[in-house]
Each structure stands twice: as structure tokens, then as C-alpha cells.
Amino acid sequence: MTLEAILSGASPRPQVQKERISRGRRIVDRAWWGACAISLFFVVVPVVWVLVSITAKALPHWQWSVFTENSTGVGGGLLNAIVGTVVISVGTAILAGCVGIGCGIYLAEFTPRSLTASVLRGATETLAGIPSIVFGYCGYLALVVGLHWGFSLAPALVVLSLLVVPYIAKSTEIALHQVPLAYREGGEALGMSMPYLLRKVVLRPALPGILTGIILALAISVGETAPLIYTANFSNSVPTGALIHEPVGYLTYAAYTFYDDPIPAAQHLAADASLILAAMVLGLILCSRLIVRLTQRYSPDRHSRPSRAERRLADRVGSGSLPAPR
Amino acid sequence: MMNNRLVDMTSEVSKGRARVARIGQRALVYGTGSAAVIPMLGLAAMIVVLLREAIPAIRYNGLGFFTSSVWTIGNEYGTPVATGGALHLPGEHYGAWPLIAGTLESSLVAIIVAMPIAVGAAVILVERLPKSIGAAVGLCLEVLAGIPSAVIGLWGIFSLGPFLARTVYPGLERLPNVFPFGIFHGGFVSNGQGLLTGGLVLAMMIIPLVASTARDLLRQVPTLTKEGAEALGMTRTESFMTVQARWIRSGVIGAAVLGLGRALGETIAIALVTGSVLKLTPNIYGSMTTIAAAIVTQLDSAQGDPTGFAVRSLAEAALVLMAITLIVNAVARRLVKRFARQTQLPVGRDAR
């Protein structure tokens, strides 16, 4: 189209017509969304199937005595394994929490863009990629055999902590990065020292993020088997708190080894252990969701997303059935 | 006069305070700094421990470790022999080819199955379904990522494996052989404990990572570009292929390679559902094992080797596994980082 034509207004108006989508294209469209729906099916069904099948396997023989009796190798309960799992994962959370939070603070606050930081961060990420069985095997070679600690709590804690430190460090670092720069500047303008600023100003808004990282670490250490088999091994008695020379029982071991025991009572314990493990993990997931929700409710910028009650209130105020709150 | 004293006093106080603050700051920097060094030290320690243990095995096994398919502890009651400085049992021979091949095969199956399912689910979740379903499926993904692998392994043995062997595999086996290498053929579909079942279980473990990454990326695609596609008269499929797919492509690939790294190292579920046989599988249904699963299932018998050479060979296997996963993760990190720098998007964040 030439310039004159446009200027003279003689150009035809662009024809806006509802173009019909050809049959082939429509079929492709339908097929694509059908395939996507099937994929969604294959994502959801296994989860439901796993949960239903472990429940169905455990419930018919469920006895509440699993919470009160120790395993005997041929049956009994799971008290020792439950206590062991709790001891191992809480111990890991404390140990790895200290190291991981420190690591995250250092990476986020003190060396944000230096070579040191990128080397340290690279090491942390590399550590996160190493298979858990390699951790376990190294722990077996170095701690259980090398340092003569024997199958016991200490090597298990060291190995598991090393395994989950990257996750805690990463979530701490991300949480600290999300604290607005203005907070820090305000603190510094008031003449706060760095430790004081961290403690009183920066760490508080970052706390939910750090907590979710620790819950993730807890969930991982509850669910891991490979790093524990050759470090903690298994024991039929409740852990006494001895750090070395005393094996510790835990739930994943019961699930992993009791299932093909010739004695039905032991097989039932494997099913019970699976169910308890799933319940623990579900509980931890709900915990972290609760933290996220609570923080959203009490965060300073919550008004960007009003709750359902607030929306309803706003509607009723808007329609005049309620006086506006002062 | 009065004024002067006051000034002096405050300056004394502030000096003391400044010193305390300086000490506090230094303590904080050194404290957190030493925590930050621990992962690196741990990594170095693990490599040193494995290398120290494995070096005699590396010398004795030689290149045969990567090519031979025989893994035997030899004569456990024979008199130990020394070859090239390494004390070992007579007839001891370690060839890890079945383990290495099994590791790669099962992860390959997993990634081939997981990628389309994860992406497809994420696409329909973001583009077509209401938010409430999205939240429910998000919970599903979180649960899937969180279920302990021992539990998934048990489910694989008792529910998935038998179901597949009874209903799916016989049908698959009758299909015309359109796939290369005749992978679905070989006749015997086994009892459901084998490569394909293992790969499917691994796929389940990768899906949360890839799907949640794809979902988060799709949510960030700017509306304007989507509107542009719509204005050109594209169907939603065409719009996805031209706009969203390009937007999420490299991020999803990065997440998939991260997932591949995880699949390569998965231990317990694989040890349970693949039958744990130290052999190459003749077809895709057959029993096999991976390096990780072999370490966990073989260490018990390796402890029976009085010379400790079996444990050393397992250390060599662990070293190989570590090397494979380190390479895969390095590639993944590079992909993810390049992509994250381009788009400023969070990629490969864990679903857990």
C-alpha cells in the first residue's frame, strides 16, 4: 500500500473476519488437550494409588501396640523404630540447621558476589547432587569402620546432616535475599551493628523461609534409607542416647527389610511402618503449608490478596448492607 | 565544664560499644564462614575417602571394571592372594558393566516417561483447569516428592509390578516391534520386577520436580505474548507450541537433567522393584540392578571378604556413580543457570 493511498483514506478497511478453524487443526487441538489430560491422570493416579494401597495393606492387621512395643525381629511393634526415626531426624535438623543456616547467612550476607561465594555455593550445590547411597557408603568407610564408631547414632547424624545441609542453606539464602533492601538500609541508618541488624531486622521476615527449609530437611531425613543402613544399621531396642557403638532402629529400615520376612507378623510391621512414614511426611507437608499460610496472613503486604472473609465483608460493605468499618 | 565531662563519658561508652560490636561482627563472620566451608570440606572428604579405599581396586580391576559383566567375590574360603599390591581372594572378579548399563538404562526409561507426562500435566493445569484443582494437584506433587522411596518400593513390589506384569506387559509384548533394538521383545515378561517397572517408579520420582518447574514457569509467561498468539487466530495448542513451549523449554530441560541426576542415584526403590540381579537384562522386562542398588544389596556379602577387597570394589563403583551424577548435575546447573539469568525465573526449585 502506498503512502498516498493511506493519506487519501482510500485504503480498504482491514477485513476482520471470523476465520473458521480448519478441521485438521481442531483435531490436533483436541488430541493435544486429551494427551495433557491423560498426563495429568498419570500424575494423580499413582499418588492416590500409593496412599490407598499402603493404607489397605496396613489397616486389616493394624494394632495400636505398634506404638508401645519394640520390634523383636519376628513381630512385636515399632516403638524402637519410631523413636529412632524421631531421634535421627530431629538430631539431623538441629545439626544441619546450625550449619545450614550459618552457611546460608554467610552466602547471602557476607560474600554475595565474590569468587569465594561462588566456589562455596558450587560446592553446596554439588553436594546436593550426590546420591544418598554414596553418602552412606562414605560414612560407613570413614566413620563406622575408619573411626571405629561402629553402627551407631553419630555416623548417621553426620551423614544425614551433610546430606540435607544444602537444602537448608539454599532456602536460608533465598529467604534472606527476599528481605527488602530498605529494611537493611533503615537498620544501618540507625547505626545498628551487623549482628544486631541481622538478629532484630533481617532474620525475622526470613524466618518462615528458613523454617520451611528445616521442615524439608526433616522430611528428607524421615524418608531416607540408603544413608542409614550402613551407618545406623538397626536395633530392636529404643535408643538410649549413646552416640557411638549402639545401633539405632528407624522406620524405613523396617519397611525395606521386614516385607519379605517369612513370618506374617513381620510383614505386617513393614506395612505399618510404610503407613506411619506416609503419615509423618504428610504431617510435615501440612506443617510447611501452615507456615506459608500464616506468614501470608500476617505479612505486611497481605492486602494484596484479601482472604475470603475479607472479600465477603468488602462485598457486603460495598452493597450497603453493612456500615464500613472505621 | 559539665558539658565536657559528659562528652568524654559518652565517647568512652560508645568506644566500648563499638568494640563489642566489632567483636560480635567478627564472631558472626567467622562463625557463619566456617559453617559455609563445611559442605566443601564434606565433599572433599567424601572424595578422598572413596579414592583411598578404591585405589587398590582400581589398580587390580583395571579397565575390565567397565567392560566385564562378571561380579563375583571368588572363593571366600581360599587363601588370599596379592596381585600388584592388592590383597584379594582367589577367583575374585569385578566387572561393573551390568551395573553401569542398568543405571543408565533405568534412568533413560524414567526420563523418557516422565518428561511428557510432567509437562503435559503442568500445561493442562495452568492453561485449562481452575485454581482449586491446581492447588489439589500441587499437593499431590508435594506428596509424591515426599513419600519415602522405601514406601514407593514396597508399593512397586506389591501393587504396581504385579499389575503391570498381569495386564500391561503381555499386551506390550504382543505389539509389533516398531521400536529399535527390539526392546519390548524377548518373550518373557517376567513377574513385574525389572527394568521397565524400575524405570516407571523412577519416573514417578522425577515427575514432581519437572512438573512443578514447568507449572511455575508457565504461570510466568507474559499474558501479552499469549494474547498475541490468540490474535493471530491460533488454537490454544498452536499458541502453546509457539509461545509457551519456547518460554519454558530450557528451564524444563534443566529440571529434567536435575531429575535425571536424582534417578541415577536412587537406591532403595530400585533395589526393591528391579529384582536386584547383577546381570544385564535380555529385554526391557527383565531383572537388573543399578550401581546404587548394588552397593546397598552387595555390601552385606562384601563384608564377608576377609581381605576387604570386595568393599574396595564397591567403593570403586560408588566413585563411578559419583562421577556420573556430578557430570549430569554440572550440565543441569549450567543449563538452569543460563536460563535463570536470561529470564530471572526460579528454575528447578524442589517440589518437596
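Buried denotes a relative accessible area under 20%. All views below show a predicted model.

**Figure 1. Close-up of Ser288(A), a residue of helix H11 of chain A.** With a relative accessible area of 12%, Ser288(A) falls under the 20% limit and is therefore classed as buried. Leaving aside residues up to four places away in sequence, Ser288(A) touches Thr212(A) and Ile215(A) of chain A, together with Glu142(B) of chain B.

**Figure 2. Close-up of the largest cavity, with a volume of about 100 Å³.** The structure holds three cavities of 30 Å³ or more. Chain A contributes Ser53(A), Ile54(A), Lys57(A), Tyr259(A), Gln267(A), Ala270(A), Ala271(A) and Ser274(A) to the lining of the largest cavity. From chain B, the lining of this cavity takes Leu154(B), Trp155(B), Phe158(B) and Ser159(B). At least two lining residues come from each of helix H2 (23–58) of chain A, helix H11 (264–298) of chain A and helix H5 (149–174) of chain B. By class, the lining of the largest cavity comprises seven nonpolar, four polar and one charged residue.

**Figure 3. Close-up of the second largest cavity, with a volume of about 40 Å³.** The lining consists of Leu107(A), Arg121(A), Thr124(A), Glu125(A), Pro166(A), Ala169(A), Lys170(A) and Glu173(A). Two or more of these residues are supplied by helix H4 (115–129) and by helix H6 (153–177) of chain A. H6(A) gives the most, with four residues. Four residues of the lining of the second largest cavity are charged, three are nonpolar and one is polar.

**Figure 4. Close-up of the largest nonpolar core, which has 172 residues.** The residues with the most contacts inside the core are Leu78(A), Val134(A) and Tyr137(A) of chain A, and Met46(B), Leu50(B) and Ile291(B) of chain B. Domain 1 (1–51) and domain 2 (95–343) of chain B both give residues to this core, so the core lies between these two domains. In soluble globular proteins, nonpolar side chains tend to be buried together.

**Figure 5. Close-up of the surroundings of Leu78(A), one of the residues with the most contacts inside the largest nonpolar core.** When residues up to four places away in sequence are not counted, Leu78(A) touches Val66(A), Glu69(A), Leu251(A), Ala254(A), Leu269(A), Asp272(A), Ala273(A) and Ile276(A). A second, separate core has 20 residues, including Leu107(A), Ala117(A), Leu176(A) and Ile210(A). Leu107(A) also belongs to the lining of the second largest cavity.

**Figure 6. Close-up of the loop between helix H9 (226–229) and helix H10 (251–258) of chain A, which holds Asn233(A).** Asn233(A) is not a glycine, yet has a positive phi of about 55°. The relative accessible area of Asn233(A) is 22%, and this residue is partly exposed. His245(A) lies in the loop between H9 and H10 of chain A as well. Phi of His245(A) is also positive, near 60°, in a residue other than glycine. His245(A) has a relative accessibility of 54% and counts as exposed.

**Figure 7. Chain A as the setting for the close-up views, with 12 helices and zero strands.** Of the 326 residues of chain A, 47% count as buried. Among contacts in chain A between residues at least 6 apart in sequence, 71% join residues at least 24 apart.

Notes: Residues numbered from 1 in each chain as written. Chains lettered and ligands numbered in written order. Predicted model: local features only at pLDDT ≥ 70, side-chain atom pairs only at ≥ 80, totals over all residues. Heavy atoms only, no water. 1 Å grid on protein atoms, 1.4 Å probe; cavity = no way out; pocket = protein on both sides within 12 Å on 5 of 7 lines; lining within 4 Å. Points joined across faces, edges and corners; volume = space filled by probe spheres on them. Nonpolar A, V, L, I, M, F, W, Y, C, P; charged D, E, K, R; others polar. Core = buried A, V, L, I, M, F, W, Y, C linked by side-chain atoms within 4.5 Å. Buried < 20%, exposed > 50% of the residue type's maximum accessible area, 1.4 Å probe, protein only. Domains from an automatic or database assignment. Contact = heavy atoms within 4.5 Å.
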